Amino acid sequence: MNVCPFETKFVIYEVMKKIPIKIFVVEDDPIYRSLLVHFLSLNPDYQVKSYENAASFYKDLTEQPEIITLDYNLPDATGELVLDKILQVSPQSKVIFISVKEDIKTAINLFKKGVHDYIIKDEDVQQRLWVSIQNLKENILLKKEVASLKNEVEKKLNLQHTLIGQSEGLKKVLDLMQKAAQVNITTSITGETGTGKDLVAKSLHNLSAQKDHPFIAINVAAIPHDLLESELFGHEKGAFTGAASRRLGKMEEAQNGTLFLDEIGDMNLNMQAKLLRALQEKELTRVGGNEVIKINVRIIVATHRNLLMEVKKGKFREDLYYRLLGLNIYLPPLRERSSDIILLANFFIETFCKENGIHKKHLGVEAKKKLLKYHFPGNIRELKSIIELACVLTEKDEIEPAFIQLQEDAHSVYTGLGHYTLKEYNEKLVEHYLQVYDHDVMTVAHKLGIGKTTVYRIIQRKRKEILSK
Amino acid sequence: MSKQNALYDLECLRQQTGNDEVFLHSIVVLFIKQTSENLAKINQDIQIKNWPGISFIIHKMKSNIKLFGIPGLGPAIDYLEEASSGEVDEGKVIAQLKNIESVLNECIEQLKQAFQIDS
């Protein structure tokens with residue numbers, strides 16, 4: 001069964017919903033205690049425990065219940081004292097006070113301290129408690145979901161999960177990353193397109209002291225030159241036509257964190273001068289504004305260009321080059337890391353199959369040979385695409401070489417799409433499937449969801465073309 | 001005993017127990033036990049003039065009196081809750097307490113009968 005990526009979030013949410021929510025009822029009145037426990041226990045999603053005094057409740061407080069319903073007047077402590085203890089030991093627990101007394105002043109004081117609700121013991125107590133807990137339940141589930149997703153992201157950005165391989169080239173990269181992470185030094189990442197410069201930047205941020213602050217990435221090449229200044233430094237209301245309100249720039253957004261400037265080599269000279277000034281003075285001024293804003297941002301830059309060559313050509317400022325160079329991490333192209341190709345391919349197969357809920361596949365011997373012979377001009381990004389396509393095309397567990405669609409493959413129907421007409425494309429697709437399925441017309445027709453006469457007609461047409469030549 | 005003569009009204013309690021008769025019975029037993037104990041404590045506190053203690057017990061009994069739909073005790077309870085602070089009019093406090101005790105004892109007897117609970 002295929003699982004749409006959009007469904008993943010829903011699945012996590014559904015799983016979270018099945019984890020019981022721990023509720024502690026602290027109530028000295030045995031009648032109300034019984035009523036609350038009985039009522040809450042009717043919901044199988046709730047795991048309810050009850051306590052008749054503060055002392056017995058404190059003993060279990062380290063269990064960190066999600067919700068606590070608390071009687072304001074306990075025999076051995078006041079509600080405020082118990083609340084202080086909760087805030088100290090289990091600050092994430094949500095507290096609902098249940099009191100006989102309708103005292104607005106007390107209620108306001110409790111709300112100021114972060115209490116979720118204050119309910120009066122009357123005929124509506126159960127309904128109000130139900131609504132209050134339902135609201136909290138949604139909130140708790142979302143928090144659990146966020147924590148779980150955050151954990152997943154952290155796992156994904158973990159070095160072992162991000163940078164796969166055992167080659168000497170990669171070991172050198174990892175070593176430099178560890179060094180760069182220990183100090184706040186400007187880091188430049190160079191390497192061909194598709195070598196994973198953005199992943200290295202994110203991992204570096206996650207390893208660094210800035211990890212609890214924002215990681216803001218900006219692709220300089222993707223932003224028109226005229227807009228880059230506003231994008232980077234922000235702008236004030238009315239700074240230019242269309243600036244309807246003040247907007248913070250990426251540099252300000254990254255305050256205390258990391259700003260990743262991808263494709264820095266594509267920045268024009270005018271903007272380079274402004275960036276240099278901001279980096280030297282550690283301050284910026286928003287477009288159209290006068291206020292000087294102090295910035296504390298770690299800078300990571302990346303480029304596929306040879307910046308030194310760009311400096312010699314006069315396209316990149318020498319002073320900015322030396323300021324940005326800092327610690328340089330060079331990512332070798334995949335063809336120089338051939339020992340990592342199969343490891344990476346296996347990793348991509350596993351990830352793709354898992355994320356899409358399809359049966360795990362493996363590379364056949366011939367498919368591996370085909371991959372190892374290839375030079376990967378698009379590097380890891382290209383390998384990932386090749387593997388994902390192979391996983392989709394392959395129906396068996398083993399990926400055969402025919403499904404490894406390389407750019408240089410003369411039979412590939414997935415390259416150069418723009419050069420074909422729809423008719424030509426259809427013919428190429430049928431031809432490809434005929435090769436894959438050993439010219440079994442019935443199977444090809446079935447796989448493509450077309451009639452067998454269509455397949456025969458294309459074969460006939462191709463034959464005529466060949467004969468006429 | 002007819003419903004008209006009953007000193008209590010269990011409609012709210014029935015709602016809160018979800019009309020679960022067994023659970024309702026257990027709550028009535030708890031009420032009888034709890035109220036009898038509280039009344040005994042109040043009488044002890046009257047002897048030693050522990051007015052704040054009495055106020056605390058009354059405060060705790062208030063929600064159950066409401067829950068069991070026992071009418072007419074509201075003003076007395078409100079008075080006794082406040083009576084612990086400042087100068088205490090002992091005569092008035094004791095009179096109010098005896099009124100509450102009398103109503104509750106009668107109520108307990110009626111509940112015992114209605115739910116066939118032995119003493």
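In this predicted model, five strands of chain A form an open sheet in the order β2-β1-β3-β6-β7, and their pairing is parallel. If you look for the edges of that sheet, you will find them at β2 (46–51) and β7 (117–120) of chain A, each of which pairs on one side only. Neighbouring strands of this sheet are turned against each other by 20 degrees on average, with direction ignored. As a general reminder, the strands of a sheet pair through backbone hydrogen bonds, and they can do so in either a parallel or an antiparallel way.

Let us take one pair from the sheet, namely strand β3 (residues 67–71) and strand β6 (residues 94–99) of chain A, which are joined in the parallel sense over five bridges. Within β6(A), the residue that stands opposite Ile68(A) is Val95(A). Staying with the sheet, we can add helix α2 (residues 30–41) of chain A, which lies across β1 (21–26), β2 and β3 of chain A and runs at about 170 degrees to β2(A).

Now I would like to turn to a pair of helices in chain A, where helix α15 (residues 338–356) packs against helix α17 (residues 379–393) at an angle of about 50 degrees, with the two axes 9 Å apart. How do these helices lie relative to each other? Since that angle falls neither under 35 degrees, nor over 145, nor in the range 65 to 115, α15(A) and α17(A) are therefore oblique to each other, and their crossing is right-handed. The residues that meet there include Ile341(A), Leu344(A) and Phe348(A) on the α15(A) side, and Ile380(A), Leu383(A) and Ile387(A) on the α17(A) side. By class, the residues of this contact divide into eleven nonpolar, no polar and two charged.

A further helix of chain A lets us do a small check, because the 13 residues of helix α12 (residues 269–281), at 1.5 Å a residue, should span 18 Å, and the C-alpha atoms at its ends are indeed 18 Å apart, which agrees. Following α12(A) comes Lys282(A), whose phi is positive, near 55 degrees.

Finally, we come to the place where the two chains touch, a contact that takes 13 residues from chain A and 14 residues from chain B. On the side of chain B, the helices α1 (11–16), α2 (21–48) and α3 (51–67) each supply at least two residues, and α3(B) gives the most, with seven residues. Sorted by class, that side of chain B has six nonpolar, five polar and three charged residues.

Conventions. Residues are numbered from 1 along each chain as its sequence is written. Chains are lettered from A and ligands numbered from 1 in the order in which they are written. This is a predicted model: local features need pLDDT of at least 70, side-chain atom pairs count only at pLDDT 80 or more; totals for chains, interfaces and linings use all residues. Helices (H or I, at least four residues) and strands (E, at least two) are DSSP runs, numbered from the N terminus. The expected span of a helix is 1.5 Å times one less than its number of residues. Two strands pair if DSSP finds at least two bridges between them. Axes are lines fitted to C-alpha atoms, for helices over the stretch in contact, and angles run from 0 to 180 degrees between N-to-C directions. Two residues are in contact if their C-beta atoms, placed from the backbone, lie within 7 Å. A crossing is left-handed if the near helix is turned anticlockwise from the far one by less than a right angle, and right-handed if clockwise. Ala, Val, Leu, Ile, Met, Phe, Trp, Tyr, Cys and Pro count as nonpolar, Asp, Glu, Lys and Arg as charged, and the others, Gly among them, as polar.
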